Amino acid sequence: MSDAYFSQSKLLWTPIHPRLAASEVLRRHINRKHDLELEDYHNLHKYSVEDYTFWLDLWEFLGIISSIPPRKDRIMEPGKLPEIPVWFPEAKLNYAENLLYRRDDATALTEAGETGVVTHVTFRELYERVGAMAAALRVNGLQVGDRVAAIVTNSTNAVVIALATASIGGIFSSTATDMGTQGVLDRYRQIQPKFVFAETETLYAGKVIDLLPKVTEVIKDLSTKGLKCAILLPSRISGKELLIPDMSKSLTLADFLKTGDNRPLTFEQLPFSQPLYILYSSGTSGKPKCIVHCAGGVLINSKKDIRMGYNLSSDDTYFQYTTTGWMMWTFMLTGLSCGARLILYDGSPFHPTVEKYLKFVSDQRVTSFGTSPRFLAEVQGEASGPVATFEALRTLNVTGAIFTPPMFEWTQEAFGKHVHLVSTSGGTDICSAFVTGVSSLPVYAGEIQVKDLGMKVEVFDPAGNNIEHVGQPGELVCTRPHPSLPIAFWGDESGQKLRDAYFSTYPGIWRQGDFMVINPATKGIIILGRSDGVLNPGGVRFGSGEIYTIMEQFSASIDDSLCIGQRRPQDKDERVLLFLKMRQGHRFSPGLVDEIKTAIRKGLSPRHVPAYIFEVSDIPYTVNGKKIEIAVKQIVSGSNLQPSGTVANPEALQLYYKYRDIEKIVGVQRAKL
């Protein structure tokens with residue numbers, strides 16, 4: 001076992017009332033029901049991945065609403081792919097019905113943004129608005145299995161469109177308004193939606209953005225591929241409803257809703273495996289894969305994660321900062337099935353100031369706040385003094401990138417020692433988590449607390465051996481099926497593309513593509529980076545996350561960093577390159593390079609020290625805030641790739657092409673010195 005991975009695993013938080021954790025309530029429920037003696041979370045997890053009866057227990061415990069419940073003797077049956085079974089084949093339910101079970105006058109949604117205007121929608125009003133939208137969709141021909149696409153902000157309208165589509169049995173798919181035209185078309189050309197909803201104007205970082213040119217191009221293109229109607233949403237700034245000139249298939253939202261016939265809202269009772277959402281792979285180096293998720297799988301697994309990991313209930317307020325283009329938006333919606341209030345925030349958290357944004361979180365008495373390590377790093381760099389009081393905050397949920405031990409410690413101090421830091425890792429691929437937090441166990445800096453219930457997560461070496469108990473890093477795999485496995489890639493009739501994406505490395509076993517290690521002492525999990533981007537100089541495998549942890553020591557002068565491997569045809573071995581983006585007012589220098597190499601050598605090992613460290617003006621990110629390591633690795637290794645619409649700053653990728661000829665770069669730098 002290498003202690004280097006766990007040297008910063010400092011105890012940060014201990015639960016005050018562990019017996020009140022939802023996972024503990026579930027454990028006691030299962031013990032009583034089956035006359036078992038599961039003693040703690042880890043015993044509960046063992047039961048959850050050894051006996052499929054767990055999913056029936058969970059169905060009952062979560063109160064899943066259905067017209068036909070699952071049969072106890074038929075939990076699953078074979079599917080098109082042997083790796084992906086059909087779950088609960090007899091059950092009938094509707095996803096939207098489960099999210100709209102509350103119909104009282106408590107607040108369901110709070111909508112806000114940069115303008116400071118805050119509006120509230122009650123559960124009763126949400127139900128009525130979904131009903132009006134569903135009526136219009138039905139009158140205009142939406143049927144079970146039809147696709148509804150949306151280019152929308154994080155808003156009440158977006159929630160209403162998604163739930164109305166689900167109530168009928170349509171398939172919903174959304175992209176954020178900041179995605180480029182080509183990125184939108186790369187997605188929607190594949191799924192050929194019957195309806196498209198689109199914003200015409202939006203506001204970000206204080207700038208009004210006219211979306212009509214992009215939306216016009218998208219609608220005209222899709223009109224030749226089965227689009228029946230485009231519905232244009234009113235401006236979030238002026239409230240005006242704009243139409244595309246000479247576009248017969250476009251309607252304003254108000255006019256579209258008028259086509260409805262006031263029929264009562266009904267929920268189609270559909271199979272557990274009925275397609276619900278189409279989400280997308282990042283597509284940073286090619287067309288994105290269209291990942292089809294089923295209604296029952298999304299519902300039961302995301303509700304499990306929200307209830308067990310976040311302890312969310314009907315007394316809570318859940319704020320996940322996200323766009324509609326990230327899986328966390330669909331995940332967040334499931335909070336309604338717990339009866340919680342959702343905060344829908346659209347805009348930049350840094351405009352006009354991050355302090356104002358964090359004060360909003362505190363003033364709204366958010367109990368569960370979801371964000372990313374990147375945001376926290378920006379707050380650390382920009383906020384002056386205490387970030388806010390956060391008196392109501394109970395859990396801070398962090399996902400989307402590597403959450404380093406130093407950032408864990410800073411976050412715990414900044415947001416309050418009473419706050420439970422819930423670090424998770426999962427993905428768009430499963431629309432839920434593989435590893436997560438739980439409020440019955442302590443939190444250690446840099447570690448994700450536990451394996452998620454029902455997810456048989458293991459750590460494999462290249463030969464397929466489980467190495468988790470020796471504290472060595474390897475591939476994150478899931479060796480047993482669960483209900484939120486994707487049911488298909490859209491258009492992949494044989495299923496071969498799906499099998500190649502997840503089950504080809506270890507036949508029959510899901511490979512997530514993450515590099516991880518488990519602490520044998522605490523059983524906590526550390527995600528070390530994407531396994532496709534695993535660094536392997538001289539046969540020593542390690543993840544970029546280890547380097548990023550060391551780089552936290554230099555956060556006062558370094559704004560961001562990117563660590564990748566380079567392997568060109570003429571190279572006998574891979575070498576590690578580290579790119580630095582300096583903070584304003586700080587200079588890149590040979591002295592800084594020496595300090596960084598010394599810190600890495602001391603904190604990790606001589607084998608971890610990058611071969612070269614360079615300064616760059618920008619680090620590429622996806623629109624969902626994830627560093628783009630693999631594309632940069634491909635570029636510096638000789639690949640010519642075209643950035644897709646998921647790259648937030650595609651011009652940044654151009655900065656790295658010159659590092660293919662690294663000897664020339666180094667020679668020029670030495671000449672300057």
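**Entry 1: Arg 263**

I looked up Arg 263 and found it in the loop between helix H9 (253-258) and strand S14 (270-271). The model I am reading is predicted. I then asked whether Arg 263 is buried or exposed. Its relative accessibility is 35%, so I entered Arg 263 as partly exposed. I also checked its separation from Arg 138: the C-alpha atoms of the two residues are 9.6 Å apart in space, while 125 residues separate them in sequence.

**Entry 2: Arg 341**

I turned to Arg 341, which belongs to strand S18 (residues 341-346). I recorded Arg 341 as buried, and I found no salt bridge for it. Which side chain of opposite charge is nearest to Arg 341? I identified Asp 316, at 9.8 Å.

I next searched for polar partners of Arg 341. Its side chain makes a polar contact of 2.7 Å with the side chain of Thr 110. I also noted a polar side-chain atom of Arg 341 at 2.7 Å from the backbone oxygen of Gln 364.

**Entry 3: second largest pocket**

I followed strand S18 to the second largest pocket, since I saw that S18, strand S10 (201-204) and helix H13 (373-382) each contribute at least two residues to its lining. I noted a volume of about 1,000 Å³ for this pocket. Its lining comprises 39 residues, and those closest to the pocket centre are Asp 178, Tyr 204, Tyr 321, Val 623 and Gly 625. I entered the composition of the lining as 16 nonpolar, 15 polar and 8 charged residues.

**Entry 4: cavities**

I then asked how many cavities of 30 Å³ or more there are. The count is 2.

For the largest cavity I noted a volume of about 50 Å³. Its lining includes Leu 93, Asn 94 and Tyr 95, together with Ala 166, Gly 169 and Gly 170. I also listed Leu 270, Gln 274, Pro 275, Leu 276 and Ala 295 among the lining residues of the largest cavity. I counted 7 nonpolar and 4 polar residues in this lining, and no charged ones.

For the second largest cavity I noted a volume of about 40 Å³. Which helix gives the most to its lining? I found helix H10 (residues 295-310), with 4 residues. Lys 304, Asp 305, Met 308 and Gly 309 are among the lining residues of this cavity. I also found Tyr 41, Thr 436, Gly 437, Val 438, Asp 452 and Leu 453 in the lining of the second largest cavity. I recorded its composition as 4 nonpolar, 3 polar and 3 charged residues.

How values were computed: Residues are numbered from 1 along each chain as its sequence is written. This is a predicted model: local features need pLDDT of at least 70, side-chain atom pairs count only at pLDDT 80 or more; totals for chains, interfaces and linings use all residues. Side-chain values use heavy atoms; hydrogens and water are left out. On a 1 Å grid over the protein atoms alone, a cavity is a set of points where a 1.4 Å probe fits but cannot get out, and a pocket is an open set with protein on both sides within 12 Å along at least five of seven lines; lining residues have an atom within 4 Å of a point. Grid points are joined across faces, edges and corners, and a volume is the space filled by probe spheres set on the points. Ala, Val, Leu, Ile, Met, Phe, Trp, Tyr, Cys and Pro count as nonpolar, Asp, Glu, Lys and Arg as charged, and the others, Gly among them, as polar. Buried means under 20% relative accessible area, exposed over 50%, partly exposed in between (1.4 Å probe, protein chains only). Lys and Arg count as positive and Asp and Glu as negative; His and the chain ends are not counted. A salt bridge is a side-chain nitrogen of Lys or Arg within 4 Å of a carboxyl oxygen of Asp or Glu. A polar contact is a pair of N or O atoms within 3.5 Å; within protein, one must be able to donate a hydrogen and the other to accept it, and residues adjacent in sequence count only if both atoms are side-chain atoms.
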